[in-house]
Amino acid sequence: MSVRARTLARMVIGGGIQGTLDDLGTPLVDVTFVVVDLETTGGSPAESAITEIGAVKVRGGEQIGEFATLVDPGGPIPPFITVLTGITQQMVTAAPAIGAVLPAFLEFARGCVLVAHNAPFDMGFLRAACAAEGRAWPAFPVVDTADLARRVLTRDEVPNCKLATLARFFRTATEPCHRALADARATVDVLHGLIERLGAFGVRSLEELKTFAKAPTPEQRRKRHLADGLPSAPGVYVFEDARGEILYVGKSTDLRSRVRSYFTASETRRRVREMIGIAERVRPIICATGLEAEVRELRLIAMHKPRYNRRSRFPERAIWLKLTSEPFPRLSVVRECRDDVAYLGPFSSARVAEEARAALHEAVPLRQCTQRLTLRLIERGRARTCALAELGRCGSPCDGREPIEAYERHTALARAVMEGDARPVVAALQTRIDRLAVELRYEEAAEQRDRLAAFVRAAARCQRLSALSGCAELVAARPGFGGGWELAVVRHGRLAGSGVVPPDARTAVAVRAHVDAVIATAETVAPTAGPAGTASVEEMECVLRWLESPGARLVELDGTWSCPVHGAEGMRERIQRAYANPGV
């Protein structure tokens with residue numbers, strides 16, 4: 001028996017206080033653990049398959065059995081998986097399929113407690129394999145060594161809870177190497193090391209182990225007082241450190257309830273737990289409505305960029321397609337909307353923006369060169385020419401063959417397509433897709449479909465944003481959860497004010513008084529260039545979702561809030577059907 005195993009046995013058997021078996025539950029020394037590790041072709045059970053299973057059965061600190069086998073995944077092993085694990089396609093060619101391996105593994109693990117490092121990953125694949133084979137998943141108790149390590153080890157001891165890191169910390173006899181049996185053997189030693197640590201917390205039975213795994217960490221318990229005194233009202237909560245630096249910003253319809261959840265076992269996110277360890281106070285910002293809370297959250301994240309927030313930290317990185325303002329305009333990918341010209345977007349990436357630009361070029365023969373083309377440059381013959389004119393894709397204004405009056409027709413068409421009429425692009429791309437499909441060039445047809453989808457989605461999004469930002473003032477109401485009404489004042493796309501009409505305001509005069517008060521106290525907003533107006537795209541889309549929610553209604557409107565008749569909004573459903581049924 002190893003030194004660690006003997007220590008484990010002494011700790012489990014020789015506890016300081018004698019108790020009855022009922023008091024102790026099932027002593028850990030009597031529990032049979034099956035420590036399992038899988039190697040797979042990828043990270044998702046829906047798209048990947050198991051290539052190797054390794055398991056070690058232990059009880060009372062001693063090994064009593066092993067299970068190991070390669071598994072034929074029924075498909076190719078990606079090259080990067082082969083590099084990572086060393087498992088090649090040739091190695092699994094003669095291996096049994098999962099249908100033949102699964103019954104043997106389930107029999108090996110029957111009546112035991114399963115243990116895995118990052119257990120949701122391994123259990124997810126095993127459950128999926130059982131479902132694929134028509135087998136019911138046995139009700140195994142499961143212990144996750146990664147989760148246990150997060151609860152009993154500090155950041156000073158280990159920088160992370162990866163298996164390789166824990167193996168070095170606990171000096172395991174086997175070094176993990178991304179092979180199933182070796183990793184399972186290493187996890188056995190990690191499990192024993194963690195159980196030894198758990199003795200300091202009074203954990204000596206399986207029941208106590210399971211309870212401990214579900215309990216909040218000591219740091220979470222110590223910081224519970226940060227939720228004291230918070231109101232049960234909608235708003236934004238801001239976690240700050242001792243120096244006042246904002247660590248994390250969130251929103252809730254009930255500030256007290258939401259913040260308290262961070263100090264319970266339900267909060268298992270590692271980064272959030274790390275943040276809780278640093279936080280010294282929680283600052284509440286009470287809001288009149290849930291919409292105001294959501295918008296304030298977005299603004300605070302964009303302004304302070306808290307390190308523990310991942311969403312919407314950099315709204316300024318949005319990518320747009322711009323019709324430039326010059327004698328011979330072109331389509332340019334930009335990151336800001338500065339001029340009062342036609343824009344398309346925002347796009348999630350430069351690649352998607354390029355696809356949308358290619359779709360527009362299919363319908364409108366704008367020049368595709370990047371030079372700033374002026375009349376003086378053309379007259380002097382110093383403009384650079386390209387081959388697109390010879391291919392019929394450009395009128396060649398650079399050498400004077402296309403005068404500025406003729407080019408203006410292309411500019412007007414491009415502006416009309418970007419701002420309201422998507423039909424020319426849809427017709428041009430559909431014609432090309434149909435031709436490629438007839439010629440059995442399906443991959444090229446799919447590329448054109450992707451370009452069309454990029455254009456339609458961006459145009460629909462941009463037209464919705466432009467319609468909202470074009471309204472000088474929009475006042476709307478929505479039924480409140482506790483009765484009454486929630487009010488929102490939106491000016492040029494920005495939430496300028498919000499409030500509530502209480503349930504006891506039953507007359508038109510009383511309701512009107514509350515509406516007038518919210519309008520009078522709302523922020524003054526001046527119009528700016530571009531479809532995003534004075535607010536971020538995320539804020540405008542948040543407002544649009546609120547406006548389109550059940551029961552919402554307009555109270556006042558200064559402007560025209562509508563989408564173009566032939567705009568891209570009506571085309572999006574068609575695009576979704578094309579992706580859902582590629583053969584249609």
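This note comments on the nonpolar cores and on some backbone features of a predicted model.

1. Local features are reported at pLDDT of at least 70 and side-chain atom pairs only at pLDDT 80 or more, while totals for chains, interfaces and linings use all residues. Residues are numbered from 1 along each chain as its sequence is written, and side-chain values use heavy atoms, with hydrogens and water left out.

2. The largest nonpolar core (a set of buried Ala, Val, Leu, Ile, Met, Phe, Trp, Tyr and Cys residues joined through side-chain atoms within 4.5 Å; buried means under 20% relative accessible area, with a 1.4 Å probe and protein chains only) has 34 residues, of which Leu344, Phe347, Leu360, Val425 and Phe455 touch the most other members. Two or more residues each come from β9 (319–323), β11 (343–347), α15 (350–363), α17 (404–419), α18 (423–438) and α19 (442–469), and α19 gives the largest share, 7 residues. Helices (H or I, at least four residues) and strands (E, at least two) are DSSP runs, numbered from the N terminus.

3. Beyond its neighbours within four places in sequence, Val425 is in contact with Ala359, Leu360, Ala363, Val417, Leu452 and Phe455, where contact means heavy atoms within 4.5 Å. Apart from this core lies another of 30 residues, including Ala149, Val152, Val190 and Val203.

4. Gly345 and Pro346 are joined by a cis peptide bond, with omega about 0 degrees, and Pro346 lies in strand β11.

5. His492, although not a glycine, has a positive phi of about 50 degrees; the residue is found in the loop between β13 (485–491) and β14 (494–501), and counts as buried at 13% relative accessibility.

Definitions and conventions: Buried means under 20% relative accessible area, exposed over 50%, partly exposed in between (1.4 Å probe, protein chains only).
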